[in-house]
Amino acid sequence: MRIIRFLLVLLLTAALAWQLHTPQRVGDKTLPALGAFFNPFTGFWQNAEPAGAGARWSEPLRIPGLKKPVEVVYDHLMVPHIFAENLDDAIMAQGYITAQHRLWQMDITARQTAGRLSEILGARTLDLDRMTRRRGLPLAAERDWKAWQTSPQTARRLEAYTAGVNAWIGQLTPATYPIEFKLLGYIPEPWSPLKTCLIVENMIDALNNRDNDLATTNSLALFGRDTFDYLYPLWNPRQQPVVPDTGQWENLRRSVAKRIPPAGISLSARSGPAIPERSLPAGLRELNGSNNWAVSGQHTQSGYPILANDTHLPLRLPHVWFQQQLCTPNLNCYGVVVPGVPGVAIGFNADISWAFTNVSQDVADWYRIEWADGNRSAYRLDGQLKPVEWRIENIGVKGQAPVSDTVRYTVWGPVVFDDQPEHPLRDCAYRYSTHDMPAPESLGRFLDIAGGKSFEDYRKALPGLDCLSQNVVFASHSGDIAITVQGKTPLRAPDQGRFVQDGSRAASAWYGFIPDAELPAMKNPSRGFVFSANQHSTPPSYPYFYFGNFDDSRGRRIHHRLNQMSKVTPDSMKRLQLDNFNQITADALPVLLRLLDRKRLDKTGLEYLRILENWDCSYEKASTAPTLYDLWFNATYDLTWDELEALRQKKTDVLFPEPWRFVEIMEHDPASIFFDRAGTPARESAPAIATEGFLQMCEQAKAMAPDKLAWAAYRGFELKHIAQLDAFSRLDVTPSGTRNAPNAISKNHGPSFRWIVEMSRPVRAWGVYPGGQSGNPGSPFYDNMVNAWVAGEYFELLFLNTPDAIPAERALARQTLSPK
């Protein structure tokens, strides 16, 4: 009997040990191995940081590969100020310190772009990994590293950064792994320059991955050319472009006319009226945009230029940016970096400041392939047979055998959907500019800008900055302001690239890229400011054809506000960044009010009408007017485009008119056939549709709890952890703003870093972002800036010339990194 009891206890003990050391499925969630996770010596307890956490970073450390000691001073926001005797040591220290605070974020971002999430998350991310690889993102990163290795300086910096990251990884123990590694049950692996390239490609793809080629092709086939042009014009005549036409392109216009044919070649024009069905495209995700501007010292109270920037990206924790200062004998700059990438992305030094917004031009096309055989192993190009190139993708999957996927590559790029027989793009190749080899010095251009002292240095650094297409705004202590639309912009014939193209003809290819010297740019305009907000780069008179996904609201509002300002101060710049006024709403609301048949409204409807008539189009979080308007506009829009919505419900990819164009049609063509609803005997016009939309809004609003009518409650806002872990998220904040206002906040997207710099002597700067410096949810610096960001508050940014210059009340910790 005792033997039986002993065996039972042994069996139960073994079962418990297995349970504690094996991840468990609970519904659709996977819990970590609880034994390891709750282990008091190596589990999550070891990740807690007390409020005085700076002491943990004060111990002197020895780093293999350093040439000289590096001094690091942490300020009260946990921003590291890195003082080194040479740039290679500064970058190595930067890699070490960034990994110290953001290692898991770096790892998961590189894994996402490499298509390696399934190695740690299992089969649930297999489709995502497969699509990432089929779109060629790992290949693009490999080509980045191949190109950057040809620049000895860039390669040396990437190797130094990698050595710094690996020095941090090398001293970790299971007890000190970031908590996400413990939760997901895997260990950090060595860093490499390729992983930095993967993170660069992650940002590039986040800003450039929208394309509507299939939707425009389908819409052209559905409507014909005249109606297509009526519904989907490329230019909003009310818009203020980044660079206006002042006659500077007259000579260029004649030159371009000789080099580029007058019209592009479009497969859609020859493909017949069939409208293929497909699942909705990933390109319909929210536009990643930003605002930036610089005001001349002639219009500021101090007499010095002021630059402002707020980058609009998905908002998450740990935060997308990491603030740092790099100081060497030849460089002293402050700004933010993408964790995993060396240098400073946007920021300032004592002489100049610079900032980016996304250009938003289209840089990807689809080409219909003419296959030469049933095996799809060769295709025709100008009548000649071309063999496909094969790329084998082996995807590791946690808990099961690896999955192998074969991707066909053509002269245009990968055939992304050839594994989906019913997909309408199955026979199409993907031409994406990020697949091209970048300039060898492109990554180093960020540090070239950071070390600049003048407008000439800024302009010298821009050519070759081709890994991202950005509106680069500039201001200097000497008084110059400028903006340049910089990047690799495809050189196309008119309309080329808007539609799926004929991939059997080499003439369908891009004509190259717009030369750097002919990209739009402006310096010291007489109006006294430059600005961008993802609007059109130029008016249609610019000689080169381009198109994209442009904002039609924020730029107009910012232009109007800057045009009215004088004696500008940093505080007035803060108020503009926090402006909740929606210009598209201000255009649409008067039109809707004029169209409304008020005789059909009941008492509640008249009360809602009174609220809207007295509203200033500002999206404040406690206001009910934005909610009522949003419900009304959306109902009117959906009633108008009901036929297009029916196609979308059938998963047919078609274009919907942009809101600004819809407002124009309501205002200037209220009898348009498009206001007639399918399935009704009467012929509706804009007044009938606007009134029906208002009545639908009334019914929806009446059904909502009063507190849910407040704008913040209706719109919602989530600041989620990257892994969607609610315990590590901030779900308790309610900012004002809306995606079409300068304060462009939506449910999980918005200003990721608001900052302002006055180019005085000494330079002064202020900034805030919705997060913190630490990637550790157990740290007081994980989300310590969130509440200030919601309240519209800013922190003064410390720009130091020496480690000892930090005020005692703002010093958190000091650390010395020494050669090993």
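**Exercise 1.** In this predicted model, determine which helices each supply at least two residues of the lining of the second largest cavity.

*Solution.*
Step 1. The helices that meet this condition are α6 (137-148) and α9.
Step 2. Of these contributions, the one from α9 is the largest share of the lining, at four residues.
Step 3. The lining has 16 residues in total, and the closest to the cavity centre are I204, S433, T434, D466 and C467.

**Exercise 2.** State the volume of the second largest cavity and divide the residues of its lining by class.

*Solution.*
Step 1. The volume is about 160 Å³.
Step 2. By class, seven lining residues are nonpolar, four are polar and five are charged.

**Exercise 3.** Establish how many cavities of 30 Å³ or more the structure holds, and characterise the largest cavity by its volume and its central residues.

*Solution.*
Step 1. Five cavities reach 30 Å³ or more.
Step 2. The largest cavity contains about 380 Å³ of space.
Step 3. Its lining comprises 28 residues, of which M203, W321, V338, A345 and L468 are the closest to the centre.

**Exercise 4.** Identify the elements that give two or more residues to the lining of the largest cavity, and describe this lining by class.

*Solution.*
Step 1. The elements in question are the helix α9 (193-208) and the strands β7 (306-314), β10 (331-337) and β12 (352-358).
Step 2. The contribution of α9 is the greatest, with five residues.
Step 3. The class count gives 20 nonpolar and eight polar residues, while charged residues are absent from this lining.

Note on methods
Residues numbered from 1 in each chain as written. Predicted model: local features only at pLDDT ≥ 70, side-chain atom pairs only at ≥ 80, totals over all residues. Heavy atoms only, no water. 1 Å grid on protein atoms, 1.4 Å probe; cavity = no way out; pocket = protein on both sides within 12 Å on 5 of 7 lines; lining within 4 Å. Points joined across faces, edges and corners; volume = space filled by probe spheres on them. Nonpolar A, V, L, I, M, F, W, Y, C, P; charged D, E, K, R; others polar.
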